Amino acid sequence: MCGIIGVALKSGNAAREVYSGLERLEYRGYDSAGLSVRDNDGRIITVKRGGRVANLQAGLYGITGCVAIGHTRWATHGEPNDVNAHPHTAGIFSVVHNGIIENFRELKDELQSSGEKFVSETDSEVIVRLINREYKGDVLTAVAAAVKKLKGSYALGILCADFKGIIAVKYKSPVVVGFGTDGVTLCSDIPALPDYVNSVCLPEDGDIVIITDKSASFYDKDLQPVNRVRRPVFAGQLNAGRGDYPHFMLKEIYETEQTVRDTCESFFRNVDVKRLTEYVRGADRVIITGCGTAYNAGLVAARFFTDRCGVFCQVEIASELRYSPVHITSATLVIAVSQSGETADTVEAVSALKERGARVIAVTNCGFSAITRVAGLVVPVCAGAEVCVAATKSYIGQLVALYLIAGLTGDVFKARGELLSLCNGISSLLNDCSKAGLIAEKCAASSAVFFLGRGIDYAVAVEASLKLKEVSYIFSDGYPAGELKHGTLALVDENTLSVILICDKTLADKCENAVSQIISRKGKVAVITCLADVAEKLSGSAEVWKIPACSAELSPFVSAVALQLIAYKTAVLLGRDPDKPRNLAKSVTVE
Ligand code: F6R
């Protein structure tokens with residue numbers, strides 16, 4: 001959701017460095033991109049283009065300078081074109097912005113009435129015009145005065161022709177400051193930092209930071225100096241590229257087994273298990289919340305808590321939860337699930353519940369993210385950098401973390417053993433996945449794809465549908481199989497495919513009924529099952545993928561991987577870019 005980067009280098013080509021950073025950050029938005037460089041004569045040179053980062057290449061020739069800022073955009077205000085691309089410039093300033101300025105209309109009216117001419121349709125342009133208007137010779141004072149007028153969320157990188165460094169500002173949008181041998185960097189996300197960075201500082205909301213090639217100085221909104229702790233960065237946190245894989249999505253699906261192992265290991269090494277156990281055992285109720293795939297992980301985990309542990313668990317979409325009058329007591333345990341830890345809907349929802357007295361746990365893949373500052377306890381998902389916009393390995397990592405948390409009501413070591421024993425199943429599925437291609441061909445040839453299941457399979461079906469629609473753009477829906485006859489069956493015809501998940505043998509007969517109902521209406525059917533007898537029975541009437549055997553409760557850890565592969569292969573067959581689905585971006589930091 002817009003990525004910003006800035007570098008102040010001791011020597012070298014800042015434009016090239018920012019360009020590489022934008023390539024690494026592109027998963028945060030790919031509607032347009034741009035950069036500004038302060039050259040060695042103190043001039044600011046800006047190159048910006050609609051479309052992908054690669055469109056900047058041609059404009060970079062001959063630009064030199066050691067200080068630069070860059071931006072990759074996910075459009076909120078104004079269509080994605082050259083003019084609306086960042087950086088925005090006014091006078092001697094250039095600014096990149098991630099976030100939303102909620103009062104930009106009032107500010108724009110005020111600036112226009114004092115003669116300011118705007119060139120873009122963006123909310124962000126008011127920022128640079130305000131800073132330029134406030135400038136009386138001191139950059140820091142001008143920035144502080146301008147940001148006091150802003151309402152909304154903003155991570156800013158600011159260049160000034162009169163100043164040899166960069167000014168960064170953080171308020172409710174993520175930004176980190178990285179230090180390394182070659183200089184100092186600011187960046188929206190740790191994984192996109194350059195590989196020379198070996199430590200980071202995390203600005204707090206309201207911080208204004210002066211960045212030079214040697215240091216970073218932190219100030220609060222009133223320009224009082226503040227200290228921010230420097231923490232090491234480990235190689236595994238950085239985006240290591242996609243290696244020999246054609247896409248990050250495929251690479252990341254193949255990293256699932258490692259995610260399961262690492263998340264299990266970290267649970268016992270990094271989590272305050274004693275306190276977490278008290279939270280879980282003392283809970284009158286568990287509320288799991290998140291958005292998109294993270295919410296869908298909650299749907300699966302509700303089964304772990306309710307069916308296995310007898311704890312009442314409800315799952316809420318974070319953007320709805322924030323405004324819902326949900327009942328909270330001091331014993332209510334809220335579990336916020338978020339890969340990025342920066343999703344504004346989730347962060348705001350759990351902050352509100354915390355204020356009302358709930359205990360909050362964060363399950364996240366990003367250790368220093370906003371959600372970790374709200375939560376009383378953090379359970380890390382150890383999926384490593386996830387670059388593909390569609391969540392894959394992080395979803396399975398979230399399920400692992402949630403399974404272990406639920407396991408604290410009983411024998412958590414047994415729960416860990418069960419998870420680790422699944423790793424063989426996941427790797428044998430990935431070693432023999434030719435069925436994914438066959439089912440993907442059917443998906444690609446269909447006007448709509450329905451994913452159906454009962455019990456825990458239904459929860460997986462909802463995620464399977466999200467994954468397919470976001471990377472292939474085929475209409476899709478996830479349904480409880482029993483609901484089919486109450487409405488959706490009207491949509492079934494020879495152009496639709498229904499993918500039925502059958503991993504719970506107690507509900508297998510009922511799901512087989514759904515298969516018959518669809519076939520009688522000439523609908524195409526594919527079945528994914530871990531049950532050998534079901535596979536045998538249905539293989540004459542449907543495309544059946546028999547996945548490795550496992551219990552119903554643990555089947556999502558395997559069946560979801562199969563469904564991710566089908567979504568991936570469908571996208572590739574249709575010529576989509578699975579890593580960068582249209583209109584989407586990773587890390588949705590606006591509400
Ligand atoms: C789907 C997907 C999104 C995210 C959602 C929440 O593949 O990636 O639906 O799951 O935007 O993001 P996080 O988990 O970062 O809070």
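Visitor: How far does a polar side-chain atom of Lys-467 lie from an oxygen atom of the ligand?
Guide: This is a predicted model. A polar contact needs a pair of N or O atoms within 3.5 Å. The polar side-chain atom of Lys-467 and the ligand oxygen are apart by 2.8 Å.

Visitor: How much of the ligand's accessible area does the protein cover?
Guide: On its own, the ligand has 400 Å² of accessible area. The share covered by the protein is 88%.

Visitor: Which residue has a side-chain N or O atom 2.6 Å from an oxygen atom of the ligand?
Guide: Take the backbone first. Gln-339 places a backbone N or O atom 2.6 Å from a ligand oxygen. The side-chain atom at 2.6 Å belongs to Ser-340.

Visitor: Which residues come nearest the ligand?
Guide: There are 14 residues around the ligand. Those that come nearest are Ser-338, Gln-339, Ser-340, Thr-343 and Glu-470.

Visitor: Which domains does the second largest pocket lie between, and why?
Guide: This pocket has a volume of about 570 Å³. Its lining takes residues from two domains, so the pocket lies between them. They are domain 2 (241-422) and domain 3 (432-576).

Visitor: Which residues lie nearest the centre of the second largest pocket?
Guide: The lining counts 26 residues. Elements that each supply at least two of them are α8 (292-309), β17 (332-338), α10 (344-355) and α15 (456-472). By class, the lining has twelve nonpolar, ten polar and four charged residues. Nearest the centre are Cys-291, Gly-292, Thr-293, Ala-585 and Val-588.

Visitor: Which strand gives the most to the lining of the largest cavity?
Guide: The largest cavity has a volume of about 90 Å³. Its lining is made of 15 residues, including Cys-2, Trp-74 and Asp-123. Five are nonpolar, eight polar and two charged. With three residues, the top contributor is β6 (residues 93-101).

Visitor: Which element gives the most to the lining of the second largest cavity?
Guide: This cavity holds about 30 Å³ of space. Val-460, Glu-463, Ala-464, Lys-467, Ala-560, Leu-563 and Gln-564 line it. Two elements give two or more of these residues, α15 and α18 (556-573). The one that gives the most, with four residues, is α15.

Visitor: How many residues in the lining of the second largest cavity are charged?
Guide: Lys-467 is one of the lining residues, and a polar atom of the Lys-467 side chain also lies 2.8 Å from a ligand oxygen. The lining has four nonpolar residues and one polar residue. The charged residues number two.

Note on methods:
Residues are numbered from 1 along each chain as its sequence is written. This is a predicted model: local features need pLDDT of at least 70, side-chain atom pairs count only at pLDDT 80 or more; totals for chains, interfaces and linings use all residues. Side-chain values use heavy atoms; hydrogens and water are left out. On a 1 Å grid over the protein atoms alone, a cavity is a set of points where a 1.4 Å probe fits but cannot get out, and a pocket is an open set with protein on both sides within 12 Å along at least five of seven lines; lining residues have an atom within 4 Å of a point. Grid points are joined across faces, edges and corners, and a volume is the space filled by probe spheres set on the points. Ala, Val, Leu, Ile, Met, Phe, Trp, Tyr, Cys and Pro count as nonpolar, Asp, Glu, Lys and Arg as charged, and the others, Gly among them, as polar. Domain bounds come from an automatic or database domain assignment. A residue is near a molecule or strand if one of its heavy atoms lies within 4 Å of it. A polar contact is a pair of N or O atoms within 3.5 Å; within protein, one must be able to donate a hydrogen and the other to accept it, and residues adjacent in sequence count only if both atoms are side-chain atoms. Accessible areas come from the Shrake-Rupley method with a 1.4 Å probe; for residues, only the protein chains shown count as cover.
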